[in-house]
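Subject: Structure for your review

Dear colleague,

Please find below the structure that I am handing over to you. My notes on it follow directly after.

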Amino acid sequence: MDLILKYFPDLSATQIKQLKSLETLYKDWNAKINVISRKDIDELYLRHVLHSMGIAKLITFAPDTSILDVGTGGGFPGIPLAILFPDCHFHLVDSINKKLKVVNGVSEAIGLSNVTTTHSRVEAIDGQFDFIVSRAVTHMPEFVSWVKGKIKKKHRNSLRNGILYLKGGDLSEELSPYKTAKVYPLSTYFEEAFFDTKKIVHLPMKYK
């Protein structure tokens, strides 16, 4: 938690309590349903929680913003972002139902009322959202094809509606079809070596 407070010193007492609870909850759930590798569970706050919260360094979501988290796994980046932005709506989707069992259990335990979940492939999800977030579930062209038509046209935030994608490594070839894509290195915000190759890609609604 010291790591989180180092970069997010202005959290409310409720947010601190919710974030502190994550370690015990994820360790308990992970013993039953393996959603995080053994190596990663010991570095939960660095590799999962703070990594997810990197999006909040790029954008402060306006109240009532709707966010779809695709391939959420154990709830990342959705759950940490839902803690940070209690006035926004987060819909977490995964094609593996047992992972959502963990998401629902954690959300309920810490009292998150702004999180809903669906066991589904994203292509089958109805509705539109201001932003679609994800952590490197596939190559960007495939991801774009999955979420086509699911982004609202009307903007309410400092960044244009679109995709916010957490990814690492050299993205130049993968992003070459998207002239409007902008890459933000997470090392700009966080000094830990883990973030040296990690990035946020913002792909606005009109991709090309």
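Aspartate 64 is found in the loop between helix H5 (55–58) and strand S1; helices (H or I, at least four residues) and strands (E, at least two) are DSSP runs, numbered from the N terminus. The phi angle of aspartate 64 is near 75°, a positive value in a residue other than glycine. With a relative accessible area of 44%, aspartate 64 is partly exposed; buried means under 20% relative accessible area, exposed over 50%, and partly exposed in between (1.4 Å probe, protein chains only).

Please note that this is a predicted model, in which local features need pLDDT of at least 70 and side-chain atom pairs count only at pLDDT 80 or more, while totals for chains, interfaces and linings use all residues. Residues are numbered from 1 along each chain as its sequence is written, and side-chain values use heavy atoms, with hydrogens and water left out.

Further backbone features

A second positive phi belongs to alanine 136, with a value of about 45° although this residue is not a glycine. Alanine 136 sits in the loop between strand S4 (131–135) and helix H8, and its relative accessible area of 41% makes it partly exposed. In addition, phenylalanine 76 and proline 77 are joined by a cis peptide bond, with omega about 10°. Proline 77 lies in the loop between strand S1 (66–70) and helix H6 (78–84). As background, most residues other than glycine have a negative phi, and most peptide bonds are trans.

Overall dimensions

The protein contains nine helices and seven strands. Its radius of gyration is 16 Å, which agrees with the value near 17 Å for a compact globule of 208 residues; the radius is taken over C-alpha atoms, and the globule rule is 2.2 Å times the number of residues to the power 0.38. The C-alpha trace spans about 45 × 35 × 30 Å along its principal axes. Of the 208 residues, 55% are buried. The accessible surface comes to about 9,800 Å², and carbon and sulfur atoms hold 50% of that surface; accessible areas come from the Shrake-Rupley method with a 1.4 Å probe, and for residues only the protein chains shown count as cover.

Among the contacts with a separation of 6 or more, 71% are between residues 24 or more positions apart, where contact means heavy atoms within 4.5 Å.

Strands

Which strand is largely enclosed by the rest of the structure, with seven of its seven residues buried? That strand is S7 (residues 198–204). Lys198, Ile200, His202 and Pro204 point one way from S7, Lys199, Val201 and Leu203 point the other way, and all are buried. In a regular strand the side chains alternate between the two faces of the sheet.

S7 pairs with strand S5 (residues 162–168) in the antiparallel sense over seven bridges; two strands pair if DSSP finds at least two bridges between them. In this pairing, lysine 167 stands opposite lysine 199 in S7. Strand S6 (residues 182–185) also runs antiparallel to S7, with four bridges joining them, and valine 183 stands opposite valine 201 in S7.

Strand S2 (residues 89–94) has five of its six residues buried, so S2 is largely enclosed by the rest of the structure. S1 and S2 pair in the parallel sense over five bridges. Phenylalanine 90 in S2 is the bridge partner of isoleucine 67.

Individual residues

Asparagine 161 is placed in the loop between H8 and S5 and counts as buried at 0% relative accessibility. Not counting residues up to four places away in sequence, asparagine 161 touches several residues, including Asp130, Phe131, Ile151, Leu203, Pro204 and Met205. The C-alpha atoms of asparagine 161 and tyrosine 189 are separated by 22 Å, and these residues are 28 residues apart along the chain.

Aspartate 40 has its place in helix H3 (residues 38–41) and counts as buried at 17% relative accessibility. Leaving aside neighbours within four places in sequence, aspartate 40 is in contact with Arg47 and His48.

Serine 145, found in helix H8 (residues 140–147), counts as partly exposed at 45% relative accessibility. From C-alpha to C-alpha, serine 145 and glutamate 123 are 8.7 Å apart in space, and they are 22 residues apart in sequence.

With kind regards
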